[in-house]
Amino acid sequence: MESTLFVTADKVASDLGVSKPYAYKLVRQMNDELNEKGFLTVAGRVSRQYYEERFYGLRKEG
């Protein structure tokens with residue numbers, strides 16, 4: 001696993017095998033979810049931890 005803090009839409013498109021426009025839509029949706037929870041977000045990027053949790057069911061315990 002990479003240690004970068006954010007995942008770009010390009011990485012999402014590559015990982016999931018979807019088009020870049022659709023990947024941007026997914027990133028926007030995840031950022032909207034994070035904003036609703038009170039987190040700050042960066043356009044075109046999403047937290048790697050949140051991305052992995054949403055798509056792969058990975059959660060850090062403890």
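The side chain of Asn31 reaches out to the backbone oxygen of Val42, at 3.3 Å, and that link is a good place to start a walk through this structure. Such a polar contact is a pair of N or O atoms within 3.5 Å; within protein, one must be able to donate a hydrogen and the other to accept it, and residues adjacent in sequence count only if both atoms are side-chain atoms. Please keep in mind that this is a predicted model, in which local features need pLDDT of at least 70 and side-chain atom pairs count only at pLDDT 80 or more, while totals for chains, interfaces and linings use all residues. Residues are numbered from 1 along each chain as its sequence is written, and side-chain values use heavy atoms, with hydrogens and water left out.

Asn31 sits in helix α2. With a relative accessibility of 6%, Asn31 counts as buried; the word buried stands for under 20% relative accessible area, exposed for over 50%, and partly exposed for what lies in between (1.4 Å probe, protein chains only). Leaving aside residues up to four places away in sequence, Asn31 touches Thr41, Val42, Gly44, Arg45 and Val46. Touching, or contact, means heavy atoms within 4.5 Å.

Now step back to the whole chain. The protein chain has three helices and two strands, and their order along the sequence is β-α-α-β-α. These elements are DSSP runs numbered from the N terminus, with helices being H or I of at least four residues and strands E of at least two. Of the 62 residues in the protein chain, 26% are buried. Among contacts with a separation of 6 or more, 48% are between residues 24 or more positions apart.

Helix α3 gives a nice view of how the elements meet. Its buried residues are Arg48, Tyr50, Tyr51 and Glu52, and the buried residues of α3 pack against β1 (6–8), α1, α2 and β2. Just after α3 comes Gly57, with a positive phi of about 70°.

What about the charged pairs? A search of the whole structure finds four salt bridges, a salt bridge being a side-chain nitrogen of Lys or Arg within 4 Å of a carboxyl oxygen of Asp or Glu. One of them joins the side chains of Lys20 and Asp10 at 3.5 Å, N to O. Lys20 belongs to helix α2 and Asp10 to helix α1 (residues 9–16), so this pair ties together parts that are 10 residues apart in sequence. Lys20 is partly exposed, at 49% relative accessible area, and Asp10 is partly exposed too, at 39%. Asp10 also has a spatial relation to a residue further along the chain: Asp10 and Gly44 are 34 residues apart in sequence, with 9.2 Å between their C-alpha atoms.

Another salt bridge brings together the side chains of Glu33 and Arg54 (3.0 Å, N to O). This pair links distant parts of the chain, with Glu33 in helix α2 and Arg54 in helix α3, 21 residues apart. Glu33 is buried at a relative accessible area of 18%, whereas Arg54 counts as partly exposed at 42%.

Within helix α3 itself, Glu52 forms a salt bridge with Arg48, where the closest N and O atoms are 3.8 Å apart. Glu52 and Arg48 are separated by about one helical turn because they are four residues apart in helix α3. Both Glu52 and Arg48 are buried.

Between α1 and α2, the loop holds Ser19. Ser19 is partly exposed, with a relative accessible area of 43%. Ser19 and Ala9 are 10 residues apart in sequence, and their C-alpha atoms are 9.5 Å apart in space.

Finally, where is there open space? The second largest pocket has a volume of about 170 Å³. On a 1 Å grid over the protein atoms alone, a pocket is an open set of points where a 1.4 Å probe fits, with protein on both sides within 12 Å along at least five of seven lines, and lining residues have an atom within 4 Å of a point. Of the 14 residues lining this pocket, Leu34, Phe39, Leu40, Ser47 and Tyr50 are the closest to its centre. At least two lining residues come from each of α2 (20–36), β2 (45–47) and α3 (48–56).

Note on methods: Grid points are joined across faces, edges and corners, and a volume is the space filled by probe spheres set on the points.
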